[in-house]
Amino acid sequence: MESGRNYGINTMYSSSIGSTFTIKFSGGMGISYKGSVDLSALPQDLYEDVQTKLSEKNLSKFSRENRNQYITDSVIYELQYKDSDNKFTIEESQASDDFLELIDSLRPYLNLELK
Amino acid sequence: MCNSNHIHSIECILPPHMIEAINMRGNKKMRKMVARLIKDADSYRQSRIAAAPNKSFMAAPKLAASARPKINRKVYNGQKKVKLPGILVRKEGEPPCKDKVVNAAYDGAGDVYDLYLKQYRRNSLDGNGMTLISTVHHRRNYNNAFWNGQQMAYGDGDGVIFTNMTELSIVGHELSHGVVQFSGGLVYRDQSGALNESFADVFGALTKQHKLKQSACDADWLIGKGILGPNIKGVALRSLKTPGEAYDDQLLGKDPQPYHMDYYVNTTSDNGGVHINSGIPNHAFYLLAQYLGGNSWGKAGHIWYDTMQAINNPYATFNDWADKTVEMARARFGNGSREVIYTRRAWNLVGITV
């Protein structure tokens, strides 16, 4: 999804996360890539973290109010749930520490998709 | 979602005389609609004002030839956490430590400082001796480096897509974003954002060439050479010499940079293609440097640096920038000089007529 200039929560939510979701990384230093996370492959504590933190009611907690206007090369994250139109797009400087730490934890379990 | 692009298009479609006519002759519903559009347009204008760089950040003072300023660097270990800056591990004057990444960030910041001081008489990013703060080992598996308005942050990469992020042209690139910020700024979206990216790429490349004492024809003109993961098919993040040819890989796709306005990419992603369309001004600089020969940080670098100090337009387009480069070449080298002729020619070759 191309969300335009208003990065932040600009999405619709569903009641459950499902079994798989994808994360697209763009912005940054100009490289974009995408991968999927199979929730059943996550360790129990991370699985529970994802189920709780990425649930519909908690997504809004990831966003800070103001984007840092001076930041350059920041990453834009886009989460998409499988079998759903739900998407969550957020720019790095608007994301809470909790969200960024969760993304970092998921990286080893990300199955990168070919283009 | 009704985003700011949409509002902007409404603002353009309905000129003031039409709004006036609807207010005078339209029914209640139409008048209400117009009132809403005006409110939206005001909100859009406010967001543009908020996005514009702080006006107090204007061109940096040029240092007197006799001045002997001192560099001040601090490097922090982010300990793979999100919070910045982390723990201070090396500050100015201290010997190298065991961590090579810390030393690369420290030395790289010094090389950038040297380029701006020795060639352009600029005392650090703000022209006033600002401390160069870097955090290395930022976050876990973090495939990025950035400038946040106050400091640098470098990830270690995930070992698959990226590895070492403290390569010299990357350090030069990121710190040059700071120079842009303290030179009046270029709003980080669309063409002004691509110019911001391009300035950072050009001076990232010049940092490396200056350090290696390379001429324009000897340099590789790559940004981020060697930072891609071991199985990624590519040589670097970007190439000023051959935009669009830096990588072509199954995971990352093909380098999307154009080298000519005919291939300009209209997109809303990547802040309006700031890392994509920067290929066009990047290549114009490369061509100019080749035409002029010698060291790129000399005549070509001075034209670009002077332009950054003089442009004073945070929403500058490629044409605005190109016009200003010709003006700066004329001011520095004289009307009808080869520098002016080659500056025009370089822009013409990438599809921008000046």
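The exercises below, each with a worked solution, concern the helices, sheets and chain contacts of a predicted model. In this predicted model, local features need pLDDT of at least 70 and side-chain atom pairs count only at pLDDT 80 or more, while totals for chains, interfaces and linings use all residues. Residues are numbered from 1 along each chain as its sequence is written, and chains are lettered from A and ligands numbered from 1 in the order in which they are written.

**Exercise 1. The make-up of chain B**

Task: State how many helices and strands chain B has, and what percentage of its residues count as buried.

Solution: Begin with the elements, where helices (H or I, at least four residues) and strands (E, at least two) are DSSP runs numbered from the N terminus. Chain B has 11 helices and 9 strands. Next comes burial: a residue is buried if 20 or more other C-beta atoms lie within 10 Å of its own, exposed if 12 or fewer, and partly exposed in between, with C-beta atoms placed from the backbone. By this rule, 48% of the 354 residues of chain B are buried.

**Exercise 2. Two crossings of helix H6(B)**

Task: Determine how H6(B) is oriented to H4(B) and to H8(B), and list the residues that make each contact.

Solution: First take the angles, which run from 0 to 180 degrees between N-to-C directions, the axes being lines fitted to C-alpha atoms, for helices over the stretch in contact. The axes of H4 (residues 100-120) and H6 (residues 190-212) of chain B come within 9 Å and cross at roughly 90°. Then apply the classes: angles under 35 degrees count as roughly parallel, over 145 as roughly antiparallel, 65 to 115 as roughly perpendicular and the rest as oblique. H4(B) and H6(B) are therefore roughly perpendicular to each other. Their contact, counted where C-beta atoms placed from the backbone lie within 7 Å, is made by B:Asp111, B:Val112 and B:Leu115 of H4(B) with B:Leu206, B:Thr207, B:His210 and B:Lys211 of H6(B). Sorted by class, these are 3 nonpolar, 2 polar and 2 charged residues, where Ala, Val, Leu, Ile, Met, Phe, Trp, Tyr, Cys and Pro count as nonpolar, Asp, Glu, Lys and Arg as charged, and the others, Gly among them, as polar.

Now turn to H8 (residues 279-292) of chain B, whose axis comes within 8 Å of that of H6(B) and crosses it at roughly 40°. These two helices are therefore oblique to each other. The crossing is right-handed; a crossing is left-handed if the near helix is turned anticlockwise from the far one by less than a right angle, and right-handed if clockwise. From H6(B), the residues B:Ala194, B:Leu195, B:Ser198, B:Asp201 and B:Val202 meet B:Pro281, B:Asn282 and B:Phe285 of H8(B), and the classes here are 5 nonpolar, 2 polar and 1 charged.

**Exercise 3. The sheet of chain A**

Task: Give the strand order of the five-stranded open sheet in chain A, name its edge strands, and describe the pairs made by E1(A) with E2(A) and by E3(A) with E4(A).

Solution: The order is E4-E3-E1-E2-E5, with antiparallel pairing; two strands pair if DSSP finds at least two bridges between them. At the edges are E4 (87-91) and E5 (110-112) of chain A, each pairing on one side only, and the twist from one strand to the next averages 25°. E1(A) pairs with E2(A) (residues 33-38) in the antiparallel sense over 6 bridges, and A:Lys24 has A:Lys34 in E2(A) as its bridge partner. E3 (residues 75-81) of chain A is joined to E4(A) by 5 bridges, again antiparallel, with A:Phe88 in E4(A) as the bridge partner of A:Leu79. The hairpin of these two strands has 5 residues between them, and there A:Asp83 takes a positive phi near 55°. Finally, 4 of the 5 residues of E4(A) are buried, so this strand is largely enclosed by the rest of the structure.

**Exercise 4. Where the chains touch**

Task: Find how many residues of chain A are in contact with chain B, and which element of chain A gives the largest share.

Solution: Counting by chain, 29 residues of chain A are in contact with 37 residues of chain B. On the side of chain A, the elements giving two or more residues are E1 (20-27) and H3 (97-106). The largest share, 4 residues, comes from H3(A). Divided by class, the residues on this side are 10 nonpolar, 11 polar and 8 charged.

Technical notes. Two residues are in contact if their C-beta atoms, placed from the backbone, lie within 7 Å.
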